[in-house]
Each structure stands twice: as C-alpha cells, then as structure tokens.
Amino acid sequence: MAGLHRLRPEDRADFEAVLHLALSTADIRAALLADPTGHAARYLRAHALDAADEITAEAGDAYDTYLAVRSSAPHGPEHPPSKATLLSALSVLTPLVAATSAAILLLLGYVLQLAEISGSLPASLVTAGWVLALIAAVSTLLALTALLRTALQQRHGIPSADRLEQARITWQQALLDRGMLPHLRRRISEDPLLRATLPKPSPAGPDDTVRPIP
C-alpha cells in the first residue's frame, strides 16, 4: 500500500511539519515527558521519518486528491509577472495601433494617388497600409484565440490557489489523524518505558488540528 502512495520529495517539509504537530499533541507529549533524556522523542521522530511512505499511505486518498489538484494547477507563469503584464498589454494594443496606422497610411496613400502625386511615395504608403492591416487582422485573431483558451480553461475548472491550498490542508489533516497520530501512539504503546504513561487518546481537539503550513 505504501508503494502506491510514496511521499514526494517536495512534500517532505509538510510531512515533517505534521510530525512536529503530532509530537506536540497532549497525550503524546505527556508520554514523552516520562523520558527526561529526550531519547524517546528522538526515536519517535526518526522512526516516523523512516516510515514516511507507510504513514502517507494511510491518508492515500487525500494525498491522491492533493496531487491531482496540484498537477492540474498552473505551475507558475511561463514568464515573470512584469513580462506577462507586458505581453498582455501588447496583445491588446497591437491590433489597435496596427489598425489605426493602417487606416492613416491607406488614406494618405490613396489621397496622394488621387492627387496624382508623382513618385513612389503614394504606392509605398498604400503597401505599408495593407501590411499593417494584415498585422492588425492576425494580431486580433491571436488575441481572440488567447481569450477563448482562457475561457475554456476556466470552464474546465483549472484549480485556483485557494482550491490548491484547501486540498493541501485536507491532506495534512488526514495525514495527522489517520497516519501520524496512530503510528506514534502505536510506537509508544510498544515501548515498555512509555506504555504506562500513555493517556487514553481523546477526540481531535485544537491541539491536533492542522493549521495552514507555510
């Protein structure tokens, strides 16, 4: 079972934070106080870290959900925010500027041609105007495609940061309740020096509730 839900290296810090929280719960902390040397606490911590995959598997469904949400979420912008903002502005401004410039150049070119101005200037203005008109059309099409793509992503439920964080906290809570605390309590119950000091586990309270981990 553990092999199917191996702890990802990038989630190791969250696992250790949940372990720290579990070691601080009332019943486990009371049991560990029976060993003033701190050996029991170090033993429990090391054993839990060694059994990370086994403990993670106990909350495998919540972990799978978290990984699925995370994998479907954007992994961060392909460009830094400043570049992304610049690209967004260009996608809006390029069609407008190109269309305006095309209209001006075409108007001037055709006016000069009607006025029978000699030279290559009228024809050059008309050519440049049509080139800019083509650029305006293409950039408008690209901008509309980007908008359509964004709308489709939102329609298909690309997870937000809040949804991702909620999935993370749900996994941490399941890891604490179904994996970490039972594992630590089982280890303590198997230690003859600590067995007698282990209080009866109480229902989950404020001390064993996961809070957002940075």
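1. A pair within one helix. Glutamate 165 and arginine 168 both sit in helix α8, three residues apart. That spacing is about one turn of the helix. Their side chains meet in a salt bridge, with 3.3 Å from N to O. This is a predicted model, and every value here is computed from it.

2. How covered are these two partners? Glutamate 165 is partly exposed, at 28% relative accessible area. Arginine 168 is buried, at 12%. The cut-off for buried is under 20%, so arginine 168 falls below it.

3. A bridge between two helices. Which residue does aspartate 61 pair with? Its salt-bridge partner is arginine 178, and the closest N and O atoms are 2.4 Å apart. This pair links distant parts of the chain. Aspartate 61 is in helix α5, residues 60-72. Arginine 178 is in helix α8, residues 161-190. They stand 117 residues apart. Aspartate 61 is partly exposed at 48% relative accessibility. Arginine 178 is also partly exposed, at 38%.

4. A bridge from the start of the chain. Arginine 6 and aspartate 53 meet through their side chains in a salt bridge of 3.2 Å, N to O. Arginine 6 lies in the segment before α1 (12-23), while aspartate 53 lies in helix α4 (residues 52-58), so the bridge ties together parts 47 residues apart in sequence. Is each partner buried or exposed? Arginine 6 counts as exposed, at 54% relative accessibility. Aspartate 53 is buried, with a relative accessible area of 19%. The limit for buried is under 20%, so aspartate 53 qualifies at 19%.

5. The wider set of salt bridges. The structure holds ten of them. Some charged residues join into a network: Arg8, Glu10, Asp11 and Arg70 are linked by salt bridges. Find these four residues in the structure and trace the links.

6. Where α1 meets α3. Helix α3 covers residues 39-50. Its axis and that of α1 are 11 Å apart, and the two helices pack at an angle of about 145°. The crossing of α1 past α3 is right-handed. Which residues make the meeting? From α1 come Arg12, Phe15, Glu16, Leu19 and Leu23. From α3 come Leu44, Arg45, Ala48 and Leu49.

7. Arginine 45 in that meeting. This residue is found in helix α3. Leaving aside residues up to four places away in sequence, arginine 45 touches Glu16, Leu19 and Leu23. Arginine 45 counts as partly exposed, at 31% relative accessibility. Its C-alpha atom is 10.0 Å from that of alanine 22, and the two residues are 23 apart along the chain.

8. Leucine 176 and alanine 22. Alanine 22 turns up again here. Leucine 176 lies in helix α8. Its relative accessibility is 0%, so leucine 176 counts as buried. How many residues separate leucine 176 from alanine 22 along the chain? The count is 154, yet their C-alpha atoms are separated by 6.7 Å.

9. Glutamine 173. This residue also has its place in helix α8. Glutamine 173 counts as buried, at 18% relative accessibility. Glutamine 173 and alanine 59 are 114 residues apart in sequence. In space, C-alpha to C-alpha, they are 9.0 Å apart.

10. A nonpolar patch. Leu93, Leu96 and Val97 make a nonpolar patch on the surface, of about 280 Å². Valine 97 is found in helix α6, residues 81-114.

11. The chain as a whole. What is the chain built from? It has nine helices and zero strands. Its pattern along the sequence reads α-α-α-α-α-α-α-α-α. Of its 214 residues, 32% are buried. The chain exposes about 13,400 Å², and carbon and sulfur atoms supply 65% of that area.

12. Contacts across the sequence. Take the contacts between residues at least 6 apart in sequence. Of these, 80% join residues at least 24 apart. Examples of distant pairs appear above: the salt bridge of aspartate 61 and arginine 178 links parts 117 residues apart.

Definitions and conventions: Residues numbered from 1 in each chain as written. Predicted model: local features only at pLDDT ≥ 70, side-chain atom pairs only at ≥ 80, totals over all residues. Heavy atoms only, no water. Helix = DSSP H or I, 4+ residues; strand = E, 2+ residues; numbered from the N terminus. Buried < 20%, exposed > 50% of the residue type's maximum accessible area, 1.4 Å probe, protein only. Contact = heavy atoms within 4.5 Å. Areas by Shrake-Rupley, 256 points an atom, 1.4 Å probe, with all protein chains shown as cover. Patch = residues over 30% accessible without salt bridge, like charges linked within 9 Å, V, L, I, M, F, W, Y side chains within 5 Å. Axes fitted to C-alpha atoms, helices over the stretch in contact; angles between N-to-C directions. Left-handed = near helix turned anticlockwise from the far one by under 90°.
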